[in-house]
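Please open the structure in your viewer and keep the sequence beside it, so that each selection can be followed in both.

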Amino acid sequence: MTRFEWRGGPASLRFEDVLDPVELLPDGEVWAAEVDLPERLRVTYYFVDADGEEHADPSNPAGAGPNRSIFATPDLEPQPHWPVVGPDEVLDVPSLRIRWNGSLGRKTIRVHKGGEPVVLLLDGDDWMYVHPAVAAFESAVKAGEMPSATLVFLPTPRDRGAEYSSPELWRAVRDELLPLLAENGVAVDLSRFVVAGQSLGGLSAFRAALDFPSLVSKVACQSGSFWWGRDLPEHGLSLDGPAGGDTAGLLRAGPDLSGLRVAFDVGEHEPRMHRHCSVVEELAVRAGATVRTNRSPSGHDRVGWRHALVRDVAWLLG
């Protein structure tokens with residue numbers, strides 16, 4: 001059992017994805033709960049007070065943005081390369097800022113200039129403001145685990161479901177963003193170009209390799225939303241449809257993926273995702289892709305994805 005304490009009055013304890021909310025009970029000067037957490041779990045959590053305000057755990061130095069904290073069960077080793085960042089710390093953002101006014105509207109692209117390989121990070125806001133990706137990648141470079149790379153942070157779209165389920169994003173990346181990067185001193189060698197995404201972003205990154213193989217041939221995909229299907233209810237948002245959704249259907253059509261390297265990861269504690277991810281992994285291998293798979297000790301949670309992100313980009317660039 002793990003004990004969580006809060007000193008701000010009545011509140012509930014929330015976990016990202018894996019557990020139902022837990023009401024805290026008064027215990028002397030604190031409000032507390034003892035929670036039976038599963039083994040091998042790294043999770044984001046927070047408190048919600050009586051007014052609905054969300055708070056990080058003030059007794060936990062490991063934060064994920066201003067109102068989230070990170071906990072790991074004792075059977076897990078610390079994640080390499082990711083520094084402990086307190087909830088009150090403000091992360092530095094990459095200094096190169098590029099305005100992209102194109103077919104997808106206005107976007108602000110941030111770029112951390114490193115070596116020649118370019119890594120495009122979908123949902124880049126999370127990797128700048130919540131989880132310090134620049135520090136993690138630089139640590140991996142110093143450890144000799146990967147070459148120095150230039151990180152391009154693509155901002156999180158307002159409608160992730162619409163943008164990440166459409167090939168228009170990657171047409172715009174090819175025709176608009178890459179020339180814009182070149183104008184700003186960031187030349188993209190497509191043979192070393194890595195695209196990384198999580199959840200719907202993971203779906204988008206992998207689908208880019210199917211729709212635009214000359215553009216994307218190296219993909220890091222964490223918890224890809226392969227359940228997505230255009231004909232499913234709620235605009236394709238349902239985990240109860242056919243395994244692998246529309247992506248599995250495309251793979252069964254027999255594309256040649258012999259030029260693709262893809263690293264798949266999904267959380268041990270998100271079992272409803274497993275049948276969708278597993279079938280896509282298997283079909284990608286049959287189509288000739290070079291595939292690496294892993295199961296992280298987390299749920300549908302960036303605190304699990306972040307270790308896979310650095311590890312798998314290093315493999316793709318190795």
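The tour below goes from one sheet to another and then to some helices.

This is a predicted model, in which local features need pLDDT of at least 70, side-chain atom pairs count only at pLDDT 80 or more, and totals for chains, interfaces and linings use all residues. Residues are numbered from 1 along each chain as its sequence is written, and side-chain values use heavy atoms, with hydrogens and water left out.

**The three-stranded sheet**

Begin by selecting residues 2–6, strand S1, and residues 25–27, strand S4, which are the edge strands of an open sheet and each pair on one side only. The order of the three strands is S1-S5-S4, with antiparallel pairing. Strands here are DSSP runs of E with at least two residues, helices are runs of H or I with at least four residues, and both are numbered from the N terminus; two strands pair if DSSP finds at least two bridges between them. Add residues 30–35, strand S5, which runs antiparallel to S1 and is joined to S1 by five bridges; Thr2, for instance, has Val35 in S5 as its bridge partner. From one strand to the next, the twist averages 45°, where axes are lines fitted to C-alpha atoms, for helices over the stretch in contact, and angles run from 0 to 180 degrees between N-to-C directions.

**The eight-stranded sheet**

Next comes an open sheet of eight strands with mixed pairing, in the order S9-S10-S12-S11-S13-S14-S15-S16. Select 96–102 (strand S9) and 290–296 (strand S16) to see the edges: each has a single partner strand, so one side of each is left without a neighbour in the sheet. In this sheet the twist averages 20° from one strand to the next. Now pick residues 194–198, strand S13, and residues 218–222, strand S14, which pair in the parallel sense over four bridges, with Gly197 bridged to Cys221 in S14.

**Helices to select**

Turn to residues 200–211, helix H5, which lies across S13, S14 and strand S15 (261–267) and runs at about 145° to S13.

Then select residues 245–252, helix H7, where Gly245, Thr247, Ala248 and Leu251 are buried (under 20% relative accessible area, with a 1.4 Å probe and protein chains only). Which elements cover the buried residues of H7? They include H5 and helix H8, residues 271–286. Finish at Gly254, just after H7, which takes a positive phi of about 85°.

Conventions. Contact = heavy atoms within 4.5 Å. Buried < 20%, exposed > 50% of the residue type's maximum accessible area, 1.4 Å probe, protein only.
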